[in-house]
Amino acid sequence: MRKVYEGFRDETLDGIRRSLPLDIVLLNMHGAMVAEGYDDCEGDLLERVRALVGTKTVIGGELDLHCHISERMLRAADVLVTFKEYPHVDPMERAEELFAICRDAAAGRARPAMAVFPLDMIGSYRTPVEPLKGFVERMKTLEGKNGILSVSFAHGFPYGDVADVGGKVLVVADGDVDKAASLAERLGHELWAMREAIAAPRLGIDAAPDRALQLAGGPVVLADVADNAGGGAPSDATFVLARILERGIGNVLNGLYWDPLAVRFCKEAGEGGRLALRLGGKCGTASGQPLDLTVDVMRILEDQVQSFGPAKARMGDTVWVRAANAVDLVLNSVRTQVFHPDAFTPLGLDLAAKKLVVVKSTQHFHAGFASLAREVLYVAGPGALTSDYASIPFTKRRHPYWPRIADPARARA
Ligand SMILES: [Zn+2]
């Protein structure tokens, strides 16, 4: 919403105005924020900060790797760096690196020059897995020598309908924009060459449980990537659960369902209560149909948080209900994706004993769940965040992209 963005922006600008003069301004921004009337909120914010502080102050920005790096952002900032890891386990390290570069620039010991190489690729990529794992390591080894200050692979946010949507390589070199541009281009060609190998494998809504049931033991962790609240999904979609119930698959844990009304009904029933519950399917077509279940209320906890790296993410009131066939569901009242097993374990749930653990998340869950998972599978179900990147109806991107077109470079020429 326009007024929300403008409110936060103006509060930030007021704080900077009150603190002038400043040597360095460091901003922690997502990088793909869109509001009514603003396709590039971070570009707008950076331009206004630049206008306030003048040309001598060093402006540095740390961005989520799911960002759109725009020309406006590049012009207004001196240094931009993105996270290198997805799941995002490295914001602190990147912030320290950004600070060091900006400190050197403010002291006259460095002259950061940025260049971006745009990739005609839209997708989702996982950094703990080869070959991207090795690529991330190599980005780090390129930094701090031969005049290269920072190397970033911005994966891009696939669900932003803006002109700048898509992956990008960003390089910051010391005083030499051509050096930055040539390294960005070289790394960009490497990423293009590995595009098929780094794309996250996705299974269909039936193929994923099929695969899980073929494996001995558990738990097999299924990521319901289409209903990840972190990407803007409602987190009350029922598509995957409906298939699990229709197929009679038991011993399942599934959450987090953002359903404050259902949470309230469960709280009124109390622990030990049994009730007919209409679950999920409430936010629109991306939520699917509500499911009518008879459930036992197993446990209720108020004002809960879950771990997201060193931070805590609010979940609100959290309820564990059990449906037939040992299908355990976790509902909550503050919309958030599943980041960590401690979204569930304080309720008394034993994840190791489940056959399937289905989390509404794309990749952040991986940091906490991978070690306990028999295997991790990604489900390309219906919902808000499609895995079919070729079919996203962009209206503002100007150039063709993979995977909609096999060879966008040729189509562009
Ligand atoms: Zn991200």
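**Exercise 1.** Determine which residue of strand 13 stands opposite A223, and place the pair in its sheet.

*Solution.* Step 1: the residue facing A223 is V359 in strand 13. This model is predicted; local features require pLDDT of at least 70, side-chain atom pairs count only at pLDDT 80 or more, and totals for chains, interfaces and linings use all residues. Residues are numbered from 1 along each chain as its sequence is written.

Step 2: strand 7 (residues 220-224) pairs with strand 13 (residues 356-359) in the parallel sense, over four bridges. Strands are DSSP runs of E with at least two residues, helices are runs of H or I with at least four, and both are numbered from the N terminus; two strands pair if DSSP finds at least two bridges between them.

Step 3: the open sheet comprises eight strands in the order 9-10-11-12-8-13-7-14, with mixed pairing. Strand 9 (274-279) and strand 14 (375-379) each have a single partner strand and stand at the edges, so one side of each lacks a neighbour in the sheet.

Step 4: helix 8 (residues 207-214) lies across strands 7, 13 and 14 and runs at about 165° to strand 14. Such angles run from 0 to 180 degrees between N-to-C directions, with axes fitted to C-alpha atoms, for helices over the stretch in contact.

**Exercise 2.** Describe how helix 1 and helix 2 pack.

*Solution.* Step 1: helix 1 (residues 2-19) and helix 2 (residues 41-53) meet at an angle of about 25°, and their axes are 10 Å apart. The two helices are therefore roughly parallel to each other (angles under 35 degrees count as roughly parallel, over 145 as roughly antiparallel, 65 to 115 as roughly perpendicular and the rest as oblique).

Step 2: helix 1 contributes Y5, R9, T12, L13, I16 and R17 to the contact, and helix 2 contributes C41, L45, R48, V49, L52 and V53. Two residues are in contact if their C-beta atoms, placed from the backbone, lie within 7 Å.

**Exercise 3.** State where N325 and A326 are found, and assign the exposure of each.

*Solution.* Step 1: N325 is found in the loop between strand 11 (311-323) and strand 12 (327-332), and A326 is also placed between strand 11 and strand 12.

Step 2: phi is near 70° for N325 and near 55° for A326.

Step 3: N325 counts as exposed because it has 12 C-beta neighbours inside 10 Å. A326, with 13 other C-beta atoms within 10 Å, is partly exposed. The cut-offs are 20 or more other C-beta atoms within 10 Å for buried, 12 or fewer for exposed, and partly exposed in between, with C-beta atoms placed from the backbone.
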